[in-house]
Amino acid sequence: MPIMQLVVAALRAALDLVLPAQCGGCGTLGFAWCDDCQRSMIAAGFPGGARLVVPSPCPGAFPPTYAASPYQGPVRQALVAFKDRERADLAVVLAPLLAGALVRCLSPPGGQGVLLVPVPSSRAAVRRRGRRPLVDLLRRAVQLADGGPGGPRLVVAPALRVRRRVADQAGLGTAGRADNLDHAFGLHPRWAARVDGATCVVVDDVVTTGATLVEAARVLRYHRARSIRAAAVAATQRQHR
C-alpha cells in the first residue's frame with residue numbers, strides 16, 4: 001500500500017477512537033448502522049427477496065439480471081457512503097443484499113464452477129478511492145452465498161478492465177450511457193482461458209440503464225463464455241418487474 005494511503009488509514013483509525021460512529025444511512029451519531037435504517041432497508045427490499053429486473057427501455061443483449069432492492073432510501077445512502085465516503089465498514093450491511101441476488105441468479109444451483117465477474121473500475125477511480133469497493137463487497141457476499149458442497153464453486157474473477165477513457169455516467173441518459181461505454185471494456189489476457197466455456201455472473205452495485213452490464217456481457221460473450229447472467233445490490237425505480 002502506498003505510504004499516503006497508510007497515513008490516511010492511520011489517521012482514520014485514530015479518529016474512530018475519539019469520534020462517535022455515524023450511521024451510514026441517516027447520519028445518527030453513535031451507530032455505524034442504526035436499527036431504524038436496518039428496518040427501513042428490509043421494508044424497502046423487493047417482496048420475497050431478490051428479483052429479476054429489466055431496464056425500460058431495455059437495451060439489446062441485456063443479460064438476465066437480479067437485484068435485491070430498489071435504489072432508494074437507506075440502501076442508496078449506504079451504497080454511496082460505501083463507495084465514495086470511505087465507509088468500507090458498510091460492507092457488512094450491503095453484502096447480504098448482494099448475496100441474496102447471487103443466490104437467486106444461480107437458482108437452481110449446479111455443481112459446476114461459476115465465475116463472478118465484477119464490473120471494472122477506471123484507474124482514476126481506483127486511485128481516488130484507494131481500493132476497489134465492488135470487489136471487496138463481492139468477496140464478502142460470496143462467503144454468505146456459498147451453498148456448500150452441493151452448490152456451485154463461486155470464483156471471484158476480476159477479469160474485465162477499462163481499456164479507454166469514459167465520461168462520468170451520472171449525467172448521461174440511456175443513449176448517452178450506451179455510447180459512452182460502447183467497446184470500453186476488455187478482458188485481462190490471463191483470464192481468457194478461464195472465461196472460455198464458463199458460466200459467468202457479471203456483478204455491479206446498481207442497475208440503471210443496463211449499458212454497463214451489456215458492455216460487460218459483450219466482452220465475456222466475445223471470449224466464448226457459455227452462459228452469462230448478472231447480479232446487483234439494487235436497481236433504479238424504473239427497473240422493477
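Reader: Is helix 9 mostly covered or mostly uncovered, and how many of its 12 residues are buried?

Author: Buried means under 20% relative accessible area, exposed over 50% and partly exposed in between (1.4 Å probe, protein chains only). Helices (H or I, at least four residues) are DSSP runs numbered from the N terminus. In this predicted model, helix 9 is mostly covered, with nine of its 12 residues buried. Among them are Ala211, Glu215 and Leu220. The model is predicted, so local features need pLDDT of at least 70 and side-chain atom pairs 80 or more, whereas totals for chains, interfaces and linings use all residues. Residues are numbered from 1 along each chain as its sequence is written, and side-chain values use heavy atoms, without hydrogens and water.

Reader: What span should helix 9 have?

Author: The expected span is 1.5 Å times one less than the number of residues. For residues 211–222 this gives 16 Å, which agrees with the 17 Å between the end C-alpha atoms. Arg224, with a positive phi near 70°, follows helix 9.

Reader: Which residues have the most contacts inside the largest nonpolar core?

Author: In soluble globular proteins, nonpolar side chains tend to be buried together. A nonpolar core is a set of buried Ala, Val, Leu, Ile, Met, Phe, Trp, Tyr and Cys residues joined through side-chain atoms within 4.5 Å. The largest one here has 74 residues, and those with the most contacts inside it include Leu102 and Leu220. Helix 4 (residues 91–105) gives the most to this core, with 10 residues.

Reader: Which charged end sits over the ring of Phe46?

Author: A charge sits over a ring if NZ of Lys or CZ of Arg is within 6 Å of the ring centre and within 35 degrees of the ring normal. Arg51 does so at Phe46, 5.0 Å from the ring centre.

How values were computed. Helices (H or I, at least four residues) and strands (E, at least two) are DSSP runs, numbered from the N terminus.
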